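User: I should like to learn how strand pairing and burial are read from a model. Please take me through the features in turn.

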Amino acid sequence: MPIITAPHEFNEAELYVDLRSIVGDSLFLKCEGFNFAGSIKLKAATEMVEAAERDGILTPSSILIESSSGNLGVALSMLAASKGYKFVCVTDSRCNPSSRLLMEALGSEVHIIEEPADIGGLLGARINYVQACLEADDRYVWLNQYSNPGNWRAHHRTTAPSIASQFPELDVLFVGAGTTGTLMGCARYFKQWHRPVKIVAIDSVGSSTFGTKPGRRMIPGLGTSVRPPLLDESYVDDVVHVEEADTIRACHLLARSGFVFGGSTGTVVSGAMDWLARHPAARRTAVALAPDLGERYLNTVYRSNWIQDCYGEEVLDCVANMTRAEAGRQRSNGSSVDWPVSSSDQPPMLAALGDAGSEACIDVQPPLSIGSGSAGHG
Ligand SMILES: Cc1ncc(COP(=O)(O)O)c(C=O)c1O
């Protein structure tokens, strides 16, 4: 029976969902959303805060400040409340309302930037605001998740060893890339492990983290508009880019089996399905990381009006048709869903859904040029 005195002392680290019956391939999904901050960002936040305390950078009179569009802000709010620090979260109008309310409930000040900067758009304006605060008052401390080594060390110290102990035969690990803290921590750990593990980074189409063209992204968590300072590509074996329409489909596919995960989990699962279908193997142990749960996305990823406005009417219809068809097949042969594998480079989910997978999106906001890109993360 875990008994705690501070919220960050609890984190469920050993929960995996076996997705074989849902995605038709052997894939274990590590759930990182079961802690009081509700996401994997609790680990990075704790590591960065405790390192700053040890180094004497963070003292009782300090005011923490961070640019965050959600999960890191919530995690820092929770830690600040627990440890007695003041915390200012600098975000913008795209910040998820439930994350903002949660940060305020935890006693944080949430500063919302309304006007984009000439260079860097809204995120650029957020960073400018943080820098102006740092210059105006030396009590402010900016941990800066984009370049702080504590961000990747948290996963090198906890996430990766925990996977290694549960899956000593691990062959491939799928990790979403935002700031790339999770990716780099896990990749560094497994490169020195007793057996070779393929590290597959999952990114969103429209992200320029791995050198592709920036474009519109609506789902927060993954992707950037500039190369993240923490990224060292020499540790990454493969990269899969996922269209946001496929992210939505994967989220709804999981939800239809009772698992409501966050948007970035849909991206990671869709990318993993694509990669597994293109690399068939008789026996393989594959793990993917699910950074959070779905409640913070009920107004977006799980709301039909939002989906239709962003990705077109067919996206949801296709998932409904596909799951009905698959469910019928499952019932008739009494087995689990046998996910169709495409013969082309098309992801299996797209192949299953026909042409609707390439649904065009309406352009509602310009890409940003700094940090977390159009949708933001952490
Ligand atoms: C929901 C979600 N998924 C994925 C990520 C990406 O994690 P990382 O920043 O470690 O790359 C984040 C980061 O903020 C996130 O909030």
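Analyst: In this predicted model, strands S8 and S9 (residues 238-242) run parallel and are joined by five bridges. Val200 has Asp238 of S9 as its bridge partner.

User: How do strands of a sheet pair in general, and which strand is joined to S7 by five bridges?

Analyst: Strands of a sheet pair through backbone hydrogen bonds, in either a parallel or an antiparallel manner. Here, S7 is joined to S8 by five bridges, and the two run parallel. Gly176 is bridged to Ile202 in S8. Between these strands the chain passes through H7, a β-α-β crossover that is right-handed.

User: How many residues of S8 and of H7 are buried?

Analyst: A residue is counted as buried when 20 or more other C-beta atoms lie within 10 Å of its own. Six of the seven residues of S8 meet this criterion, so the strand is largely enclosed by the rest of the structure. Nine of the 11 residues of helix H7 (residues 181-191) are buried, so H7 too is largely enclosed. Among them are Gly181, Met184, Cys186 and Phe190. The cover over the buried residues of H7 includes helices H2 (41-54) and H6 (149-166) and strands S7, S8 and S10.

User: What is the order of the four strands in the open sheet?

Analyst: The order is S5-S4-S3-S6, with parallel pairing. S5 (109-113) and S6 (140-142) stand at the edges with a single partner strand each, so one side of each lacks a neighbour in the sheet. From one strand to the next, the twist averages 25°. Helix H5 (residues 121-136) lies across S3, S4, S5 and S6, running at about 150° to S4.

Key. Residues are numbered from 1 along each chain as its sequence is written. This is a predicted model: local features need pLDDT of at least 70, side-chain atom pairs count only at pLDDT 80 or more; totals for chains, interfaces and linings use all residues. A residue is buried if 20 or more other C-beta atoms lie within 10 Å of its own, exposed if 12 or fewer, and partly exposed in between; C-beta atoms are placed from the backbone. Two residues are in contact if their C-beta atoms, placed from the backbone, lie within 7 Å. Two strands pair if DSSP finds at least two bridges between them. Axes are lines fitted to C-alpha atoms, for helices over the stretch in contact, and angles run from 0 to 180 degrees between N-to-C directions. A crossover is right-handed if, with the strands pointing away from the viewer, the path from the first strand over the helix to the second runs clockwise.
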